[in-house]
Amino acid sequence: MGMFDTVIFEKPILCKCGQKIESTQIKEFECMMDTYHVGDMIPSAPMFALFEEWDYCSNCKATIEFYVACSYSIYLGVFSSYKEAKEAIDGFNMEKLLKFYAQRVPNQNRGMFH
Ligand SMILES: [Zn+2]
């Protein structure tokens with residue numbers, strides 16, 4: 001089996017059988033066996049990336065297709081349509097970047113600047 005990276009979906013994608021798909025393995029980037037959550041920087045990703053990926057449903061074996069979006073090498077998530085992925089890339093800005101960053105600040109440190 002080859003090397004891959006794992007991307008975690010922000011919201012699970014539902015298969016038509018009802019099975020939730022919450023992550024997938026991609027081979028698009030450096031494949032360092034890393035796991036990326038939405039908002040993570042993928043060092044080997046290009047500035048902008050939008051590509052189709054697919055996976056099998058673990059329950060019914062149906063093929064699930066989706067689109068992976070990156071902007072400024074930051075993994076923005078997986079979307080069920082090209083249009084949604086493109087909108088995520090087009091709508092990405094400093095405010096959204098800061099929001100990703102803020103989510104990473106441990107809770108106990110929140111409020112220390114107030
Ligand atoms: Zn299924």
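Two strands are taken as paired if DSSP finds at least two bridges between them. With that in hand, the fold can be followed strand by strand, and a good place to start is Ala 49, whose bridge partner in strand E5 is Cys 70. The model is a predicted one, and the bridges, contacts and burial described below are computed from its coordinates.

Confidence comes before detail. The mean pLDDT of the protein is 89, and 91% of its residues reach 70 or more. Helix H1 (residues 82–90) has the highest confidence, at a mean of 96, whereas helix H2 (residues 94–104) has the lowest, at 88. Where pLDDT is low, the predicted coordinates should not be read in detail.

In outline, the protein contains two helices and six strands. Read from the N terminus, these elements follow the order β-β-β-β-β-β-α-α. The C-alpha trace spans about 50 × 30 × 30 Å along its principal axes. Of the 114 residues, 17% count as buried. Among contacts between residues at least 6 apart in sequence, 52% join residues at least 24 apart.

The strands can be described sheet by sheet, beginning at the N terminus. Here an open sheet of three strands has the order E2-E1-E3, and its pairing is mixed. Strand E2 (20–26) and strand E3 (35–36) stand at the edges with a single partner strand each, so one side of each is left without a neighbour in the sheet. The mixed character can be traced through E1. Strand E1 (residues 5–14) pairs with E3 in the parallel sense over two bridges, and Thr 6 stands opposite Thr 35 in E3. With E2, by contrast, E1 pairs in the antiparallel sense over six bridges; here Ile 8 stands opposite Ser 23 in E2. E1 and E2 also form a hairpin with five residues between them, and Gly 18 in its turn has a positive phi of about 100°.

Another open sheet of three strands has the order E4-E5-E6, with antiparallel pairing. E4 and strand E6 (74–79) occupy the edges, each with a single partner strand, so one side of each is left without a neighbour in the sheet. On average, neighbouring strands of this sheet are turned by 25° against each other, direction ignored.

Within this sheet, nine bridges join strand E4 (residues 48–56) to strand E5 (residues 63–71), and the two run antiparallel. The pair formed by Ala 49 and Cys 70 belongs here, as does Glu 53, which stands opposite Phe 66 in E5. The hairpin of E4 and E5 has six residues between the strands, and Lys 61 in the turn has a positive phi of about 65°. On the way to the next strand, five bridges join E5 to E6, again in an antiparallel arrangement. Ser 71 stands opposite Ile 74 in E6, and in the hairpin of E5 and E6, which has two residues between the strands, Tyr 72 takes a positive phi near 50°.

How many of the six residues of E6 are buried? Five of them are, so E6 is largely enclosed by the rest of the structure, even though this strand stands at an edge of its sheet.

Phe 79 offers a closer look at E6, the strand in which this residue has its place. Phe 79 has 22 C-beta neighbours inside 10 Å, and since 20 or more are required, Phe 79 counts as buried. Beyond its neighbours within four places in sequence, Phe 79 is in contact with Phe 66, Tyr 67, Ala 69, Glu 84, Ala 85 and Ala 88. Its C-alpha atom is separated by 11 Å from that of Trp 54, which lies 25 residues apart along the chain.

Phe 79 also appears in the largest nonpolar core, where Ile 42, Ala 69, Cys 70, Tyr 75 and Phe 79 touch the most other members of the 15 residues. E5, E6 and H1 each supply at least two residues of this core. Ala 69 is another helpful point of reference: leaving aside neighbours within four places in sequence, Ala 69 is in contact with Leu 50, Leu 76, Gly 77, Phe 79, Ala 85, Ala 88 and Ile 89. Ala 85 and Ala 88 are thus found among the contacts of Ala 69 and also among those of Phe 79.

Note on methods:
Residues numbered from 1 in each chain as written. Predicted model: local features only at pLDDT ≥ 70, side-chain atom pairs only at ≥ 80, totals over all residues. Helix = DSSP H or I, 4+ residues; strand = E, 2+ residues; numbered from the N terminus. Axes fitted to C-alpha atoms, helices over the stretch in contact; angles between N-to-C directions. pLDDT = per-residue confidence, 0-100. Buried ≥ 20, exposed ≤ 12 C-beta atoms within 10 Å, placed from the backbone. Contact = placed C-beta atoms within 7 Å. Core = buried A, V, L, I, M, F, W, Y, C linked by C-beta atoms within 7 Å.
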